[in-house]
Structures are given as structure tokens and as C-alpha cells.
Amino acid sequence: MGEVVDPSFIQSIEHRPNLAPIEAQGIPIIDLSPANSPTEALVAAIGEASEKWGFFQVINHGVPAETRRKLEWASREFFNLSKEEKLKVKRDELNPQGYYDAELTKNVRDWKEVFDFTTKEPTIIPNDSNFIHLVNRWPQQPPNFRKIFEEYAEEVEKLAYKLLELISLSLGLAKDRLNEFFSEKQTSYIRLNHYPPCPFPDQALGIGRHKDSGALTILAQDEVQGLEVKRKTDGEWIRVKSDVDAYIINIGDVLQVWSNHKYESVEHRVTVNTEKERFSMPFFFHPGHHVMVEPLDEMISEENPPKYKTYNWGKFFITRKRSNFIKLNVDNIQISQFKI
Ligand code: OGA
Ligand code: NI
């Protein structure tokens with residue numbers, strides 16, 4: 001009663017990004033049940049969603065619910081451990097796979113803790129003068145973590161190929177045109193994200209605005225909403241509805257370049273919540289480190305010359321990973337640097 005409210009507090013609440021989020025009307029939901037013998041309608045739906053939004057959800061995608069639930073459970077169990085226990089599997093500069101807390105890297109912009117695992121072991125990436133070995137750090141708790149992870153990784157990779165083939169067809173290419181880039185030395189990884197409740201949601205984001213740098217991302221989110229996508233038509237942030245059985249798919253930078261900018265990697269971010277913690281699990285589908293990324297021959301012509309210079313995926317990826325450790329106030333390496 002009679003409390004004095006600090007006016008600057010009111011102002012900050014008024015300006016917080018998620019006061020009245022625009023719900024996800026329009027972000028396509030695509031039924032993948034005919035994916036094994038793709039119909040024209042399915043390919044057209046994938047093409048339209050990729051071009052208009054760069055984001056869509058898929059249902060009937062083939063990943064067994066049980067396999068997903070087990071990893072979701074394991075992720076909760078792991079993040080519930082004491083800090084001391086979690087730090088036993090923390091990442092470091094030599095091997096950037098493992099646990100980290102945004103707080104530890106002094107990255108106060110992102111309100112989250114994460115745990116990264118490559119899906120192929122070993123993942124070795126040549127660096128200028130040496131090799132970076134990405135080695136998974138398996139936690140002791142919960143038990144069977146590794147088995148649960150590997151089962152999930154296998155299933156989600158099948159879905160990734162299914163989507164890659166549909167995307168390829170939607171670009172007018174042969175179904176398996178893009179597969180070769182992944183058949184060797186793939187650098188894909190799965191990240192477990194945990195966004196704890198945040199006491200000042202008007203000042204923090206779970207993840208600040210960014211684009212995913214790989215080919216495509218397959219995201220499992222829980223029932224707590226928070227993911228927002230920048231709508232291409234007007235730049236508004238649109239909240240993606242939660243569906244714990246669906247996957248959220250987004251086009252990454254590599255597909256933007258391969259398609260010579262027909263498809264675009266779209267900005268997204270995660271808002272935080274004062275009461276509820278949130279979990280998510282993206283699978284980042286990444287090509288082999290040796291792949292030289294450039295607009296595909298089929299996507300260029302005299303009228304439509306290449307919009308990007310060629311770059312090496314492994315180098316790009318490592319520069320990105322390492323910049324997480326060193327410079328915090330400088331922007332990460334971006335594909336816009338390769339724009340012609
Ligand atoms: C990411 C990401 C979204 C989410 O990890 O790159 O965009 O909902 N995650 O956690
Ligand atoms: Ni992302």
C-alpha cells in the first residue's frame with residue numbers, strides 16, 4: 001500500500017521486448033509424413049516456408065517421441081546438478097566442447113547455461129598450424145547419458161537428411177545434391193540449452209539476436225515459450241508457439257550462400273521469464289570442415305551472378321567458436337564479410 005514506484009522502472013517495463021509478444025500466426029507448420037516419397041505439394045511447402053520465413057515447424061517428422069523425451073530428461077537432470085559437478089565437464093580453450101555458463105565467460109548479455117556435444121567422434125578441425133580436437137565430455141550423472149545422447153543424435157540426423165533433400169528439391173536441384181557436403185568429416189553438434197528464471201527480464205535475453213551459421217538447425221523446445229523470429233516482411237519479432245512434439249527448423253548461413261541468397265538465414269533470439277526456467281535442444285547440421293562454401297553452380301547465371309565469395313567452413317566455424325573466448329565486445333565473424 002502506498003508504495004512509491006521508481007519511474008525509471010516503469011519505463012523499462014514498458015520498453016521490455018516481450019510485454020505483448022506477437023504470436024506466431026503465419027509461421028508454417030509442415031506435415032512431413034509423405035517425406036519418404038516427397039509429393040510436389042510438400043516440396044512446394046518447404047520452398048515457400050524457406051523463402052518467406054527461413055523458419056518453419058515440422059510434425060510427423062519420424063523422430064520417436066521416446067528418444068526425444070529421454071534426452072530432455074537427461075538435460076534437466078544434468079542442469080539440476082550442483083555447479084561444482086557441472087564444472088567438472090566444463091569447456092576450455094583447447095577443447096570448446098562441454099558445459100559453460102554465460103556468467104563464467106562474463107557474457108552478461110545471455111542468461112543461459114549450455115552443454116555442447118558433437119555428433120561425430122572424433123571431430124578434428126585443422127587450424128592454421130595445428131588441429132582443434134573437439135572431444136565430448138560425458139557427465140557422470142545422469143547415468144546412461146551417453147547412450148541417450150547417441151540414440152537421439154542418430155534419429156535427429158535422419159531428420160536432417162530428410163529436410164536437406166526436401167530443401168534441395170525445392171531449389172530445383174537433385175534430391176541428393178547437398179548430401180556430399182555432409183558425408184565426410186561432418187561438424188554437426190547438439191547443444192543443450194537451459195535458461196534459468198531471470199529476475200529482470202526487461203534487461204536480459206536468453207540469447208541475443210543472432211543467425212545460425214551452419215546449413216540448418218533442428219530445434220526441440222519445451223512448453224515454455226521464448227523463441228522469437230524476426231519476420232522478414234516487416235522486421236517484427238514474432239514468438240514461435242511451443243509444440244513439444246514438433247521441431248522448429250531454420251535455414252542457416254551456409255544454405256543462404258549455397259542458394260545464392262534465394263533462402264535467407266533469419267535472425268532470432270530468446271527472451272527470458274521471471275518464473276519459469278526453459279530448456280531447448282538445437283541440432284546444428286554442419287558440413288565437413290573441408291567444404292568450401294560458395295553459391296552452387298545451378299543457382300547462378302549471367303543475370304544472377306554469385307553474391308558470395310568462397311570460404312572454408314572449418315575455418316569459419318573455428319573462428320566463431322574461439323571468438324566466444326576472446327573478444328566479447330566485437331562482433332563474431334559473419335558471412336556478410338564474404339558478400340560480393
Ligand atoms: C541457438 C538458438 C533457440 C532456443 O541456440 O542458436 O537459437 O530456443 N536457440 O533455445
Ligand atoms: Ni540460434
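**How the labels on this model are earned**

Me: Where does Pro142 lie?
Reply: Pro142 sits in the loop between strand E6 (131-134) and helix H5 (145-170). Helices (H or I, at least four residues) and strands (E, at least two) are DSSP runs, numbered from the N terminus. The bond between Gln141 and Pro142 is a cis peptide bond, with omega at about -10 degrees. This is a predicted model, where local features need pLDDT of at least 70, side-chain atom pairs count only at pLDDT 80 or more, and totals for chains, interfaces and linings use all residues; side-chain values use heavy atoms, leaving out hydrogens and water. Residues are numbered from 1 along each chain as its sequence is written, with chains lettered from A and ligands numbered from 1 in the order in which they are written.

Me: Which residue is joined to Pro122 by a cis peptide bond?
Reply: That is Glu121, and omega there is about -5 degrees. Pro122 belongs to the loop between E4 and strand E5 (123-126).

Me: Why is Asn144 called exposed?
Reply: Exposed means over 50% relative accessible area, buried means under 20%, and partly exposed lies in between (1.4 Å probe, protein chains only). Asn144 has 55%, so exposed is the right word. Asn144 is also in the loop between E6 and H5, and its phi is near 65 degrees, a positive value in a residue other than glycine.

Me: And why is Lys185 only given the label partly exposed?
Reply: Its relative accessibility is 43%, so Lys185 counts as partly exposed. Lys185 is in the loop between H5 and strand E7 (189-195), with a positive phi of about 55 degrees although it is not a glycine.

Me: What makes His210, Asp212 and His268 the donors of the nickel ion (ligand 2)?
Reply: Donors are N, O and S atoms within 2.8 Å of the metal (3.2 Å for Na, K and Ca), and water is not among the atoms, so sites may look incomplete. His210 (NE2), Asp212 (OD) and His268 (NE2) coordinate the nickel ion at 2.1 to 2.2 Å. Along the chain their spacing is H-x1-D-x55-H. Two of them link distant parts of the chain: His210 in strand E8 (residues 205-210) and His268 in strand E13 (residues 268-271) are 58 residues apart.

Me: Why do the labels of those two histidines, His210 and His268, differ?
Reply: His210 has a relative accessible area of 23%, so it is partly exposed. For His268 the value is 6%, so it is buried.

Me: How do you know that Glu267 and Arg209 make a polar contact?
Reply: A polar contact is a pair of N or O atoms within 3.5 Å; within protein, one must be able to donate a hydrogen and the other to accept it, and residues adjacent in sequence count only if both atoms are side-chain atoms. The side chains of Glu267 and Arg209 are joined by such a contact at 3.3 Å. Glu267 itself is in the loop between helix H6 (253-258) and E13, and at 18% relative accessible area it is buried.

Me: What makes Asp116 a buried residue, and what does its side chain meet?
Reply: With a relative accessible area of 0%, Asp116 is buried. Its side chain makes a polar contact of 2.7 Å with that of Arg191. Asp116 lies in strand E4 (residues 113-118); Gln97, 19 residues apart in sequence, is 5.4 Å apart in space, C-alpha to C-alpha.

Me: Why are H2 and H5 described by the angle word they get?
Reply: Axes are lines fitted to C-alpha atoms, for helices over the stretch in contact, and angles run from 0 to 180 degrees between N-to-C directions. Under 35 degrees counts as roughly parallel, over 145 as roughly antiparallel, 65 to 115 as roughly perpendicular and the rest as oblique. Helix H2 (residues 40-52) and H5 pack at about 85 degrees, axes 8 Å apart, and they are therefore roughly perpendicular. Among the residues that meet, in contact (heavy atoms within 4.5 Å), are Leu42 and Ile46 in H2 and Leu166 and Ile167 in H5.

Me: What makes a group of residues a nonpolar core?
Reply: It is a set of buried Ala, Val, Leu, Ile, Met, Phe, Trp, Tyr and Cys residues joined through side-chain atoms within 4.5 Å. The largest one here has 72 residues, and Leu32, Ile218 and Trp258 have the most contacts inside it. H5 gives the largest share of this core, 13 residues. A second, separate core of 13 residues includes Ile207, Leu219, Val229 and Val266.
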